[in-house]
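Me: I am new to this protein and would like a close look at a single part of it, followed by a connected account of what surrounds that part. Please take it slowly.

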Amino acid sequence: MMVRNLVLFLLFVTVIAPIVLYTHRLGSFNFSSSRGEFLEDFSSFTLSSHSEHLNILPLESSRTLKEPVGTVYSNNTAHPEPDASATEHNSTDVQGANQDLQLPESREHKSTRALSTTNENVSSIRENPLRQITDQHAQKNLRKGSLVQFDTKRVKVRKREQQSIQSTDRKSRESSKSEKGNDEAVAPNARVQYLKDQLVQAKLYLSLSATRNNVNFIRQLRQRMKEVQRTLGRANKDSQLPRNALEKLRAMDGILNRGKQIQDDCASMVKKVRAMLQSTEEQLRVHKKQALFLSQLTAKTLPKGLHCLPLRLTTEYYSLNYSQRPFPNQEKLEDSSLYHYALFSDNVLAAAAVVNSTIAHAKDASKHVLHIVTDQLNYAAMRMWFLVNLPGKATIEVRSIEEFSWLNSSYSPVLKQLGSPSAINYYFKAHRAHSDSNMKFRNPKYLSILNHLRFYLPEIFPKLKKVLFLDDDIVVQKDLTGLWSLDLKGNVNGAVETCRESFHRFDKYLNFSNELISKNFDPRACGWAYGMNVFDLEEWKRQNITDVYHTWQNLNHDRQLWKLGTLPPGLITFWKRTHPLDRSWHVLGLGYNPDVNQKEIERAAVIHYNGNMKPWLEIAIPRYRNYWMKYVDFDHEYLRQCNINP
């Protein structure tokens with residue numbers, strides 16, 4: 001009996017007691033309500049150091065076991081996959097963690113460990129209802145967070161897609177607009193140009209031997225060429241073409257395609273095209289030279305009406321005995337307190353426009369005095385015109401260059417040079433083997449001493465202090481009295497500089513290969529313009545400017561320092577003696593530049609038709625001519641008699 005009780009006691013201690021203790025411990029075990037607490041508890045668990053080696057799996061330390069188990073549990077058990085996107089995101093995190101830890105484990109170790117851990121977790125969850133409720137709540141929160149994160153990403157992706165689509169559409173619209181603009185820019189004359197190209201191709205086929213031998217083809221080709229030429233006429237834009245232009249274009253295309261079939265030798269066609277190109281370039285060179293000659297000829301040729309006008313005026317001057325009639329207000333001619341203008345011209349109509357425009361804008365015309373000097377040939381006509389057409393309250397006088405007895409070849413080097421055999425040969429000999437190629441230097445105006453009178457202003461007006469010099473190809477648009485009050489700061493000449501363009505610098509007018517020029521002047525110095533200049537005659541006399549001019553004119557007796565004209569010696573004579581004026585006082589280029597800024601013209605006090613396209617010539621630039629014409633009375637009796645029309 002004692003033995004049986006002892007056996008039962010031992011059985012209870014060894015078998016039943018451990019079972020009871022283990023069950024009680026499981027019941028009192030506190031499961032982690034969150035993923036972080038469970039991982040902390042699990043990671044603190046360590047294996048015994050006396051564990052036996054397994055034959056199937058190699059032994060692993062607790063240190064290497066912690067993170068993979070936690071990672072596998074978090075991905076596979078604790079948080080079930082809400083959707084594919086979350087799964088992909090979590091798997092990416094696992095891969096990144098493994099790569100960071102760099103665990104030396106094989107694939108078999110990871111899969112086996114994951115399997116065992118999953119089974120343990122499943123059984124643990126089944127046994128504890130509280131854990132199931134907690135995990136379900138965590139799963140809901142995770143699912144919501146994942147969905148929110150996924151929705152946010154999806155919204156961002158959609159926004160980026162919409163932005164890219166909008167930018168693509170905008171670029172396509174801009175490119176389509178630019179293409180449309182290019183098409184519009186090309187469209188106005190595209191068909192005209194195509195018709196001209198067809199004519200060039202037709203001329204090519206006319207000159208090739210293979211097509212020239214085909215009589216029927218040549219006859220049809222010539223007929224189509226005539227039709228295209230009649231269609232083109234003088235059209236420069238597609239809108240100027242007749243309605244049947246497209247029909248003629250297609251008909252010409254058909255005959256040209258026949259020509260391609262007849263003539264299939266490309267080498268001979270290329271050779272012929274090159275010959276045609278060379279011939280065309282030579283013709284272009286000849287035409288350019290001829291156009292230059294004709295423009296220079298037109299510029300220095302007096303129109304019939306302007307030739308008639310001085311003859312008519314001269315006849316009236318002597319027949320009506322106007323030679324004895326004086327101009328009024330002669331006592332003002334030497335009054336230095338008034339505003340004095342100097343105008344040297346042999347063109348009656350041009351001088352009339354200058355006087356009319358000046359007086360029209362003068363605030364007080366009675367204080368303005370105009371001094372006109374002309375040659376002996378036009379003296380009677382000039383006096384007759386202004387005696388008949390007095391400039392209102394302003395004072396005017398007309399003088400002849402013959403009145404200046406001091407102006408002779410012994411005093412003026414330029415007069416001596418103009419009468420020299422070399423100058424006569426330069427201007428009047430038909431065959432000039434070594435003459436200048438630029439024809440503008442052969443303009444007869446350089447032979448006239450009127451062009452050089454601007455260098456003798458103190459001698460012409462000995463009692464005046466300041467004089468405003470005007471060319472006869474200008475138009476005054478504002479009152480000019482402000483120029484007399486300008487401080488020239490000790491300089492002699494007040495002028496508008498013209499160095500905005502590179503060709504208006506000293507190296508374009510003077511020969512800097514000559515030592516005299518290169519030593520004394522700066523090739524990049526800014527040029528200035530004649531046409532409207534205010535001269536301080538007192539400072540002129542003080543600095544002896546006329547002698548400076550004579551010195552340099554004597555040095556240029558062989559035209560090696562500069563060509564003929566008055567601007568080059570003017571740049572030299574007034575070197576470092578010129579005060580720059582504001583550009584609004586004097587705008588140039590209306591006689592050669594069709595692109596002068598319209599606003600600058602409107603703001604200018606004086607506009608200058610410098611160049612060959614003078615406003616009284618037929619070659620004048622049309623858009624500038626009206627500024628000059630409004631100061632000419634085309635209804636005047638003398639102008640109508642000479643058929644001078646606007």
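Which hand does the crossing of α13 and α14 have, left-handed or right-handed?

Reply: The crossing of α13 and α14 is right-handed, and since this is a predicted model, that description, like everything below, applies to the prediction. The two helices concerned are α13, which covers residues 348-360, and α14, which covers residues 379-388; they pack at an angle of about 35°, and their axes lie 10 Å apart.

It helps to look next at the residues through which the two helices meet. On the side of α13 these are Val-348, Ala-351, Ala-352 and Val-355, while on the side of α14 they are Ala-381, Met-382, Trp-385 and Phe-386. The residues of this contact divide into eight nonpolar, no polar and no charged. A general point about helices is useful when reading such a list: an α-helix has 3.6 residues a turn, so residues three or four places apart point the same way.

The surroundings of α14 extend beyond this one partner. Nine of the 10 residues of α14 are buried, so the helix is largely enclosed by the rest of the structure. The buried residues are Tyr-379, Ala-380, Ala-381, Met-382, Arg-383, Met-384, Trp-385, Phe-386 and Leu-387, and the list therefore takes in Ala-381, Met-382, Trp-385 and Phe-386, which were named above for their meeting with α13. Besides α13, the buried residues of α14 pack against α12, against the strands β2 (368-374) and β3 (395-400), and against α24.

Two of those partners, α12 and α24, lead on to a disulfide. Cys-308, in helix α12 (residues 304-319), is joined to Cys-642, in the segment after α24 (637-641), and the pair links distant parts of the chain, 334 residues apart. The sulfur atoms of Cys-308 and Cys-642 are 2.2 Å apart, and with -70° about the S-S bond, the link is left-handed. The two ends differ in their surroundings, for Cys-308 is partly exposed, with a relative accessible area of 23%, whereas Cys-642 is buried, with a relative accessible area of 6%.

The count of disulfides in the model comes to two, and the other one joins Cys-499 and Cys-526, whose sulfur atoms are 2.0 Å apart. The torsion about the S-S bond of Cys-499 and Cys-526 is about -90°, so this disulfide is left-handed. Here too the pair links distant parts of the chain, with Cys-499 in the loop between β6 and α18 (515-520) and Cys-526 in the loop between α18 and β7 (532-536), 27 residues apart. Cys-499, at 16% relative accessibility, counts as buried. When the bonded cysteines are numbered in sequence order, the pairing is 1-4, 2-3.

The strand β6 also helps to place Gln-477, which sits in the loop between β5 (474-476) and β6 (493-495). Gln-477 counts as buried because its relative accessibility is 15%, and the cut-off for buried is under 20%. A polar atom of the Gln-477 side chain lies 2.8 Å from the backbone oxygen of Ile-601, and a polar atom of that side chain lies 3.0 Å from the backbone oxygen of Ala-604. Leaving out residues up to four places away in sequence, Gln-477 touches His-361, Ile-601, Glu-602, Ala-604, Ala-605, Ile-607 and Tyr-627.

Another glutamine, Gln-553, is found in helix α20 (residues 545-555) and is buried, with a relative accessible area of 5%. Not counting residues up to four places away in sequence, Gln-553 touches Pro-413, Val-414, Gln-417, Trp-562 and Pro-569. Lys-272, in helix α11 (residues 266-300), is by contrast partly exposed, with a relative accessible area of 30%. Apart from neighbours within four places in sequence, Lys-272 is in contact with Leu-204, Ser-207 and Leu-208; the C-alpha atoms of Lys-272 and Leu-204 are separated by 7.3 Å, although the two residues are 68 residues apart along the chain.

Finally, the setting as a whole: the protein has 24 helices and 10 strands, and buried residues make up 38% of its 646 residues. Among contacts between residues at least 6 apart in sequence, 75% join residues at least 24 apart.

Conventions: Residues are numbered from 1 along each chain as its sequence is written. This is a predicted model: local features need pLDDT of at least 70, side-chain atom pairs count only at pLDDT 80 or more; totals for chains, interfaces and linings use all residues. Side-chain values use heavy atoms; hydrogens and water are left out. Helices (H or I, at least four residues) and strands (E, at least two) are DSSP runs, numbered from the N terminus. Buried means under 20% relative accessible area, exposed over 50%, partly exposed in between (1.4 Å probe, protein chains only). A polar contact is a pair of N or O atoms within 3.5 Å; within protein, one must be able to donate a hydrogen and the other to accept it, and residues adjacent in sequence count only if both atoms are side-chain atoms. Contact means heavy atoms within 4.5 Å. Axes are lines fitted to C-alpha atoms, for helices over the stretch in contact, and angles run from 0 to 180 degrees between N-to-C directions. A crossing is left-handed if the near helix is turned anticlockwise from the far one by less than a right angle, and right-handed if clockwise. Ala, Val, Leu, Ile, Met, Phe, Trp, Tyr, Cys and Pro count as nonpolar, Asp, Glu, Lys and Arg as charged, and the others, Gly among them, as polar. A disulfide is a pair of cysteine sulfur atoms within 2.5 Å.
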